[in-house]
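Got your viewer open? Load the model, switch to the cartoon view and follow along, one selection at a time.

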Amino acid sequence: MAAARNLVNLKDVDKGYGSRSVLRDITLGISAGDRIGVVGRNGDGKSTLLQLVAGIETADAGAITRAGDLGLAMLGQGDDLDDARTIREELIGGRADHEWAGDATFRSVLDGLLGGVAMARFPQGLDTPIAPLSGGERRRIALAQLLLDGPELLLLDEPTNHLDVEGVDWLARHLAARRGSMLVVTHDRWFLDAVSTLTWEVADGAVHQYEGGYAAYVLARAERDRQASAREDRRQQLMRKELAWLRRGPPARTAKPKFRIEAANALIADEPEVRDRAELLRFATSRLGDKVLDAVDVSVSYDDQPVLKKVTWRLGPGDRVALVGINGSGKSSLVNLLSGDLQPTSGEVDRGATVRVAHLSQDTAEIPGHLRVLEALESVRGRATLSTGEEITAGMLCDRFGFRGDRARTLVRDLSGGERRRLQLMRLLMEEPNVLLLDEPTNDLDIDTLTALEDLLDGWPGTLVVVSHDRYFVERVTDDVFALTGDGGIRHLPGGIEQYVELRHAAAAEAAAVGAGGGAGGAVAKSPPSGAVVRAARKEVARLERALDKLADRETALHEDMAASATDHTRLRELQAELTTLLTERETLEAAWLETSEALEG
């Protein structure tokens, strides 16, 4: 099989700003078909790496080469849209309506990001001017523009920002099906797992490469630490808690081969649950009593347009719930009602006598820029007590959230957006609330900070409400999911976000079927596969799983042989060659397994 075309090469690349070195001696490449997720802490150089690949930044040392005919495009954290133009001019240019409206890819992007061909999200449809649009609306248009251009190499910096759960799900499916290569920086771990075949970790000036998406990356890191027998206790504890959540949800819906799930489960078989729910509930009840927050028959309207209609929602002690829904369905409004920042048009919100609410909103007030990080935290409280009775000081919380050593003395005005968001969270936690309302808490936070927050919330006794498009975070820290249905109501979803996405897909399919049925003759329903076809597909899935199990056993044996032959370089080369062949075969089998499984589920 011919080698994949090489698109970009970085050799011995260094990059720094002032006296600070960000990337050192980086050598790596991007080949045709690579879908690479980039992870790492805020400030470690993820965006810089993207800009080097794009040619926006130049290296201080080393060489960067690109294929001569390479078409690449980058979505940064800002956008290059022209305020003087309309959406039509930015997306369509001079193309005739019948030309773009008949393009299936074009229609798919409009449906997924912008409310369909009718552009229902925008007051004047395609002729809406760019200038008055919000940051989230501009972000969607810039992303749509990039996807419609169809470059060979896509560079995406936090593409899921400002997208709702449904939008993130659509983007993941679109990118996974897209031909071409991709380099994506994101903190959204579910999204990484859905779109990535390789993972690059940027840490301490270096870039470490792993096969697979986020789940495989976590597993590889834990296995590497185990083999080295030199891991930090705290980091390993966080890692194992991450792995424990790989078991969440039915395996048939994870689109991961059986042998990988078994490998993860074997690694974490003796690990306890991340939260002692009974103990947390007991502690929460003792702090909060029986009544926490009761929203009864509440309605909210803006300019006579109803957002919530006679909603009743009761939150008890220790409840950990997520609130999902499309943009504009009223999620932030409902959270603002609970916090007291918004009064209902009708109905009432009743709060328990001992309730102390802390609310992280999307527009949290600025922290005075002349304060240093530690001072900003100590101005709230010098120390707080966790549910375990452990007392944590402001300095200890700084360390846990990445403000270590001199970073704790950094002026607030010198912090990045992600670091300020991190500090706002820390200040909330130091207030010792017993009800925590988090509206998009994962925005601008890196994965290590998210892991630290999740670990801290594991031992936090109180009532928690999360509004987030980050599926991984939601499944990690909450126990129940509620959806705002878009018609002013609220619904409990026992199946979590997976059930929400399925309901949205079903509603869209039903609407499409009704629309198609209204035409001449209607649409012809696709007949389900015959029993023989289904049985054949099941046999093929079983055969592929047996083959993958055998490959997994052989891979384990190869690693053991390589460890035993560490001083025999000739033997090592032979084993490495065999391992490379095995990994290629495994990738082919996994692709066949995934295709057959999806066809069977469909």
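Start by selecting residues 6-17, which is strand β1, together with residues 61-66, which is strand β4. This is a predicted model, and in it β1 and β4 pair in the antiparallel sense, with five bridges between them. Show Asn9 and look across to β4: the residue standing opposite is Thr65.

Keep β1 selected and add residues 20-31, strand β2. How many bridges join β1 to β2? Eight, and these two strands also run antiparallel. Click on Lys15 and you'll find Leu23 of β2 standing opposite. Now go to the turn of this hairpin, where two residues sit between the strands. Pick Gly18 there: its phi is positive, near 65°.

Next stop: aromatic rings. The structure holds four aromatic pairs. Select Tyr210 and Tyr217 and show their side chains. What kind of pair do the rings of Tyr210 and Tyr217 make? Their centres are 5.1 Å apart and their planes meet at 75°; planes over 60 degrees apart count as edge-to-face, so this pair is edge-to-face. Are these two tyrosines buried or exposed? Buried is anything under 20% relative accessible area, so Tyr210 at 10% counts as buried, and so does Tyr217 at 4%.

Now jump to Trp313 and Phe482. Their ring centres lie 5.4 Å apart with planes at 65°, so you're looking at an edge-to-face pair here too. Trp313 belongs to strand β11 (residues 305-315) and Phe482 to strand β19 (residues 480-484), so the pair ties together parts 169 residues apart in sequence. Both Trp313 and Phe482 are buried.

Go back to the tyrosines and select Tyr210, Tyr214, Tyr217 and Tyr472 together: ring pairs link them into a cluster.

One more ring to visit: select Phe403 and Arg422. Turn the view until you look down on the ring of Phe403, and you'll see Arg422 over its face, at 4.9 Å from the ring centre.

Finally, zoom out and colour the chain by secondary structure. You should be able to pick out 20 helices and 20 strands. Of the 602 residues, 46% count as buried. Switch on the surface as well: the accessible area comes to about 28,600 Å², and 49% of that belongs to carbon and sulfur atoms. Last, think about contacts between residues at least 6 apart in sequence: 68% of them join residues at least 24 apart.

Technical notes
Residues numbered from 1 in each chain as written. Predicted model: local features only at pLDDT ≥ 70, side-chain atom pairs only at ≥ 80, totals over all residues. Heavy atoms only, no water. Helix = DSSP H or I, 4+ residues; strand = E, 2+ residues; numbered from the N terminus. Buried < 20%, exposed > 50% of the residue type's maximum accessible area, 1.4 Å probe, protein only. Contact = heavy atoms within 4.5 Å. Areas by Shrake-Rupley, 256 points an atom, 1.4 Å probe, with all protein chains shown as cover. Phe/Tyr/Trp six-rings, centres within 6.5 Å; stacked < 30°, edge-to-face > 60°. Lys NZ or Arg CZ within 6 Å of the ring centre and 35° of its normal. Pairing = 2+ DSSP bridges.
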